[in-house]
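Me: Please take me through the assignments made in this structure, with the criterion behind each one.

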Amino acid sequence: MNTSPKVIITAAIVGGELTRDKIPCLPLTPQEIAEEAKRCVNAGASIIHLHARDDSGKPTNDKHRFQEIVRSVRSYVGVDVILQVSTGGSVGDGLDSRFEPLESGADMASLNAGSVNFGAEVFTNPRPFIQKLAARIGALDMKPEIEIYDLSHLEYALDLLAEEIIAAPPQFQWVLGVPGGLKASEENLDLLCSRLPPLATWSVAAIGRHQDPMIPLALSRGGNIRVGIEDNIYLSKNVMAQGSFQFVEKAVESIRQIGKSVATPQEAREILGLQII
Ligand code: KMH
Ligand code: ZN
């Protein structure tokens with residue numbers, strides 16, 4: 001396991017499922033996304049996990065819209081911020097469209113390592129599709145962030161690593177607390193961490209109310225953390241967030257409390273083996 005005294009914070013600021021009705025601060029346009037990304041980076045985030053919206057605010061995987069977002073964020077926030085595009089899209093998206101965000105010039109891309117019940121729906125990630133996505137991510141010299149919702153996903157990702165379809169060292173995101181996936185518990189966190197390959201880095205994205213208890217647990221085990229309205233819209237009980245940056249601020253506080261410090265984008269690039277800008 002690769003443990004660093006520096007903690008990488010990812011901010012997931014858009015998501016594929018949220019609407020303005022549900023959360024008024026949801027950024028929709030490329031400029032709004034860039035402004036929210038800047039607030040998060042100023043607060044301590046070094047990776048921005050991106051989804052895209054079309055002109056009507058609906059989720060889209062359109063490559064032109066992703067290119068516009070990547071350009072806007074880089075010019076508004078700075079070129080060293082790590083941009084990670086989603087290949088997960090929204091539940092129910094066609095598989096072909098989910099390759100499009102890879103053509104955006106981003107540094108990283110999510111790679112969901114298996115299908116999972118997602119509330120009342122099914123988030124579909126067949127194995128041949130995962131393999132093709134992984135190969136395309138590698139061909140574009142991007143780093144995948146391997147999204148793990150279940151133990152079987154980790155086992156499949158380890159197979160792909162062994163076959164060198166995913167390049168080492170891997171970066172995992174333990175996504176805990178999705179209704180249908182692994183529950184957000186200390187036991188499950190430790191189970192996943194016990195299966196980490198050498199030099200792997202990892203992070204925890206805990207959903208909803210699970211975020212508060214899981215962050216200190218992840219930090220105590222040397223993990224990184226992901227926060228933002230994609231995963232949780234309540235800052236505390238019944239208090240809706242005004243933006244993802246508020247979760248970043250909370251995460252920074254937790255990191256300082258345990259005597260660690262927050263990775264800058266350049267430090268995060270070094271830890272993840274990304275190009276130094
Ligand atoms: N919207 C979810 C179905 C990812 O970004 O790769 C999946 C998701 C994961 O958001
Ligand atoms: Zn996402």
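Me: Why is Asp141 called exposed?

Reply: Exposed means over 50% relative accessible area, buried means under 20%, and partly exposed lies in between, with a 1.4 Å probe and protein chains only. Asp141 has 72% relative accessibility and therefore counts as exposed. Asp141 belongs to the loop between H3 and strand S10 (143-148), where helices (H or I, at least four residues) and strands (E, at least two) are DSSP runs numbered from the N terminus. Its C-alpha atom is 10.0 Å from that of Ala106, 35 residues apart along the chain.

Me: On what basis do such statements rest?

Reply: This is a predicted model, in which local features need pLDDT of at least 70 and side-chain atom pairs count only at pLDDT 80 or more, while totals for chains, interfaces and linings use all residues. Residues are numbered from 1 along each chain as its sequence is written, chains are lettered from A and ligands numbered from 1 in the order in which they are written, and side-chain values use heavy atoms, with hydrogens and water left out.

Me: What makes His49, His51 and Glu230 donors of the zinc ion (ligand 2)?

Reply: Donors are N, O and S atoms within 2.8 Å of the metal (3.2 Å for Na, K and Ca); water is not among the atoms, so sites may look incomplete. His49 (NE2), His51 (NE2) and Glu230 (OE) coordinate the zinc ion at 2.1 Å, and therefore meet that limit. Along the chain, the donors follow the spacing H-x1-H-x178-E. Distant parts of the chain are linked in this way: His49 is in strand S3 (residues 47-50), and Glu230 is in the loop between strand S13 (224-227) and strand S14 (234-236), 181 residues apart.

Me: Why is His49 called buried? And why is Glu230 called partly exposed?

Reply: His49 has a relative accessible area of 2%, under the limit of 20%, and is therefore buried. Glu230, at 23%, falls between the two limits and so counts as partly exposed.

Me: How do you know that ligand 1 sits in the largest pocket?

Reply: A pocket is defined on a 1 Å grid over the protein atoms alone, as an open set with protein on both sides within 12 Å along at least five of seven lines; a cavity, by contrast, is a set of points where a 1.4 Å probe fits but cannot get out, and lining residues have an atom within 4 Å of a point. A molecule sits in one of these if more than half of its atoms lie within 2 Å of its grid points. Ligand 1 is assigned to the largest pocket on this criterion.

Me: What makes the approach of Glu17, Ser110 and Glu230 to ligand 1 a set of polar contacts?

Reply: A polar contact is a pair of N or O atoms within 3.5 Å; within protein, one must be able to donate a hydrogen and the other to accept it, and residues adjacent in sequence count only if both atoms are side-chain atoms. The side chain of Glu17 has an N or O atom 2.7 Å from a nitrogen atom of ligand 1. For the side chain of Ser110, the partner is an oxygen atom of the ligand, at 2.6 Å. Glu230 places a polar side-chain atom 2.9 Å from an oxygen atom of ligand 1. These distances are within 3.5 Å, and the pairs therefore qualify.

Me: Why is Lys132 called exposed, and why is Arg226 called buried?

Reply: Lys132, in helix H3 (residues 127-139), has 55% relative accessibility, over 50%, and so counts as exposed. Arg226, in strand S13, has 5%, under 20%, and so counts as buried.

Me: Why is Glu164 called exposed?

Reply: Its relative accessible area is 69%, over 50%, so Glu164 is exposed. Glu164 lies in the loop between H4 and S11 and has a positive phi of about 60° although it is not a glycine.
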